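Visitor: I'm new to this structure and would like a friendly tour of its inside. Could you show it to me?

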Amino acid sequence: MTDAKQEIPIHADFDRAPGLIEGSTTYELTPFECDVEWWIKSVAQGSLMGLDHGVKAESKIPDFLLREGPLRDNLIVEFAFRSITEWEATRICALATYASPNIEGMEFYATQTLDEARHANTFRNHLIELGVPKDELVETMERVAREDADKLIKPIREWALPLYIAGLESGSAYIDSVGAITILLEGVLAPTTELSELKWKGISPATANIERGACVDEIRHLSVGSWIVRDYVQKHPEDRARMVEALSEGRAVWASLPTAEIIFRRESQFQEGIVENAKEIGDYEIFPGRRLIDTTPEERVMMALKWSEEIQNSRLVYMGLEEAIIDMAQVSL
């Protein structure tokens with residue numbers, strides 16, 4: 001009998017897929033090959049098989065992470081923030097689904113909409129596993145993460161929604177949505193997911209599983225979204241300048257947000273937590289030759305920002321919209 005696991009493409013395989021940074025700049029994927037039927041077989045009946053809310057049966061949360069303290073508090077804040085931002089991603093992808101001018105785009109963004117909703121669910125459920133009472137879950141999330149989430153989400157939404165609404169009349173709503181999702185949503189938030197997976201891998205296997213699953217999905221989201229924009233630009237060169245201007249404006253809005261400040265504050269709390277639990281974390285290396293316990297908040301923040309820049313710039317070049325590349329020195333600690 002054929003092993004169904006081997007039928008899953010490497011880029012979608014929980015165990016075999018590369019890291020997000022490598023995968024998102026290596027694979028060229030189209031909506032024609034990543035349709036609903038492909039998603040059912042390769043994701044729902046493939047990479048997700050055997051996972052419970054994104055976690056393998058053998059992966060556990062260590063006892064020391066269940067104790068009150070800065071490390072547990074930090075994980076609650078991080079996953080509450082992630083769940084809220086994934087809610088927003090779900091809504092944005094639903095708008096792209098609605099605006100799609102063809103079946104292929106509609107099906108792909110329908111699957112991405114479900115992916116983002118599923119991510120929000122896994123982050124939310126992990127908070128319950130950490131001991132947050134179920135009947136206090138939403139209130140806890142709002143209390144610890146809503147303010148920071150809104151600082152990043154609201155300005156982008158205020159910029160993007162008028163563009164989308166105008167695009168429904170002009171016919172550009174779909175491609176503008178895809179560009180914004182790929183560059184401003186996935187290209188910005190995905191690298192922090194990669195960093196989180198690496199951080200928690202040496203602390204909590206269950207937590208790292210959830211981040212790993214999200215990273216695998218983001219490879220597909222970034223790759224297909226980039227292909228859609230690239231294909232559009234090649235077929236509609238007359239609209240290229242407008243798209244460059246729109247994405248440049250969106251990136252300028254993002255560059256003005258307190259992203260680094262928010263990540264730094266979270267990494268400072270994480271630092272306090274790993275110092276307190278240094279014995280349990282031991283010599284785990286977040287990068288080859290670099291122990292997690294020896295890294296600093298500044299180092300980890302700059303790594304996430306560097307990855308974000310690499311992904312966004314490489315995707316813009318691939319799309320043929322390299323003029324939208326901005327100086328990321330605007331984003332500082």
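Guide: Gladly! A cavity here is a set of grid points where a 1.4 Å probe fits but cannot get out, and its lining residues have an atom within 4 Å of a point. Please keep in mind that this is a predicted model.

Visitor: How many cavities of 30 Å³ or more does the structure hold, and what is the volume of the largest cavity?
Guide: The structure holds five cavities of 30 Å³ or more. For the largest cavity, the volume is about 240 Å³.

Visitor: Which element gives the largest share of the lining of the largest cavity?
Guide: This cavity is lined by 23 residues, with Arg82, Val188, Leu189, Ala190 and Thr192 nearest its centre. Helix H3 (70-99), H6, helix H9 (259-276) and helix H11 (297-319) each give two or more residues to the lining. The largest share is seven residues, and the element that gives it is H6.

Visitor: How do the residues of that lining divide into nonpolar, polar and charged?
Guide: Arg counts as charged and Thr as polar, while Val, Leu and Ala count as nonpolar. Over the whole lining of the largest cavity, the residues divide into 12 nonpolar, five polar and six charged.

Visitor: Which helix gives the most to the largest nonpolar core?
Guide: The largest nonpolar core has 87 residues, and Leu127, Ile203 and Leu321 have the most contacts inside it. With 13 residues, the helix that gives the most to this core is H6 (residues 173-201).

Visitor: Which residues does isoleucine 203 touch?
Guide: Residues up to four places away in sequence are not counted here. Beyond those, isoleucine 203 touches Pro62, Phe64, Leu71, Phe270, Ile274, Ile281 and Leu292.

Technical notes
Residues numbered from 1 in each chain as written. Predicted model: local features only at pLDDT ≥ 70, side-chain atom pairs only at ≥ 80, totals over all residues. Heavy atoms only, no water. Core = buried A, V, L, I, M, F, W, Y, C linked by side-chain atoms within 4.5 Å. Buried < 20%, exposed > 50% of the residue type's maximum accessible area, 1.4 Å probe, protein only. Helix = DSSP H or I, 4+ residues; strand = E, 2+ residues; numbered from the N terminus. Contact = heavy atoms within 4.5 Å. 1 Å grid on protein atoms, 1.4 Å probe; cavity = no way out; pocket = protein on both sides within 12 Å on 5 of 7 lines; lining within 4 Å. Points joined across faces, edges and corners; volume = space filled by probe spheres on them.
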